[in-house]
Amino acid sequence: QPRGRLLNDFSDGGYLMFTLGPRHPVFSDGRSWALYDPAFLRDALQPDPARLDRLIARFDLGLAVVNTDARLGWFQSRPGWSLVYFDDRAFVALRDDLNPHLAPYAYRALRPASWSDDLPRWRADPALAAAAWAESARAIADAPRDSLPWVLRAAAAAAVGRAAEADDAALRALALRPDGVPAHRAVLLRCAEHRDRPCVCRHAAWVLARAPNNLFTRTLSQRFGCPP
């Protein structure tokens, strides 16, 4: 069992209260807006890094169960915290000092928020690539019906030279979540590996229509001469 005071999103308070009971009192419950002061609501509803820092310090938080968004990368890169679970919907991060017994479950090589940036490092370091490959297997075992673990599996497979498995994992990710930007980026990378320009341009256009500032996709699109 993880230790520490829980941070959760407003939308999940009722569900977590029902499923966890008194073991982990919830941080907030969207059914009870009148309980909270305006400053608390601003910090809780607009969770940028500065606001998260305030919440963690003010309430001595040690366990986060929140939606999979920009906070995933923030918590994983924050000193003293570890990511131990993720899927398309949510992730779990915890404070290391309160949870030394859960250190073996932390994702170290695998970083779901920056996998495309990590891929060159994995390819340059066989030990790191092997660690990413092993962690991707655990991610899939934890959430086999979610797309994001399969995206990471595709990247890790590419890093260890398993091209066919990388192709299969990317396509599985896309089948599980056809509207997922990470899944389209995973397939896009496989298309680039195979020098399949029409495939690159098709998926790049899809991603850039939804995430126009995605540098990874824009760079590949330009490299393959895709129409703007």
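**Close-up views of a predicted model**

**View 1. Asp60 sits in the loop between H3 and strand S2 (61-67).** Welcome to this predicted model; we begin at a single loop residue. Asp60 is not a glycine, yet its phi is positive, at about 50°. Most residues other than glycine have a negative phi. Is Asp60 buried, partly exposed or exposed? With a relative accessibility of 42%, Asp60 counts as partly exposed.

**View 2. Arg195 is another loop residue with a positive phi, here near 55°.** Look for Arg195 in the loop between helix H9 (181-193) and helix H10 (197-210). Arg195, too, is a residue other than glycine. Its relative accessible area is 64%, so Arg195 is exposed, the cut-off for that word being over 50%.

**View 3. Strand S4 (residues 90-95) is mostly covered, with six of its six residues buried.** Take the two faces in turn: on one side are Ala90, Val92 and Leu94, and on the other are Phe91, Ala93 and Arg95, all of them buried. Which strands does S4 pair with? S2 and S4 run antiparallel and are joined by five bridges. Strand S3 (residues 81-86) also runs antiparallel to S4, again with five bridges.

**View 4. Two bridge partners in S4 can be picked out by name: Val92 for Val65, and Leu94 for Ser82.** Val92 and Leu94 lie on one side of S4, together with Ala90. To trace the chain from S3 to S4, follow the hairpin that these strands form, with three residues between them.

**View 5. Helix H2 (residues 38-45) has four buried residues to find: Phe40, Leu41, Asp43 and Ala44.** Seen down the axis of H2, these buried residues fall within an arc of 165°, so they line one face of the helix. An α-helix has 3.6 residues a turn, so residues three or four places apart point the same way. What do the buried residues of H2 pack against? Their packing partner is helix H3 (49-59). At the N-terminal end of H2, Asp37 acts as a cap, with a side-chain oxygen 3.1 Å from the backbone nitrogen of Ala39.

**View 6. Ala159 is a buried residue, at 13% relative accessibility.** Its place is in helix H7 (residues 147-159). Which residues does Ala159 touch, leaving aside its neighbours within four places in sequence? Ala159 is in contact with Leu119, Trp122, Arg123 and Ala129. Phe59 is 100 residues away from Ala159 along the chain, and the C-alpha atoms of the two are separated by 41 Å.

Conventions:
Residues numbered from 1 in each chain as written. Predicted model: local features only at pLDDT ≥ 70, side-chain atom pairs only at ≥ 80, totals over all residues. Heavy atoms only, no water. Buried < 20%, exposed > 50% of the residue type's maximum accessible area, 1.4 Å probe, protein only. Arc of directions from axis to C-beta. Contact = heavy atoms within 4.5 Å. Polar contact = N/O pair within 3.5 Å; in protein donor to acceptor, adjacent residues only side chain to side chain. Pairing = 2+ DSSP bridges.
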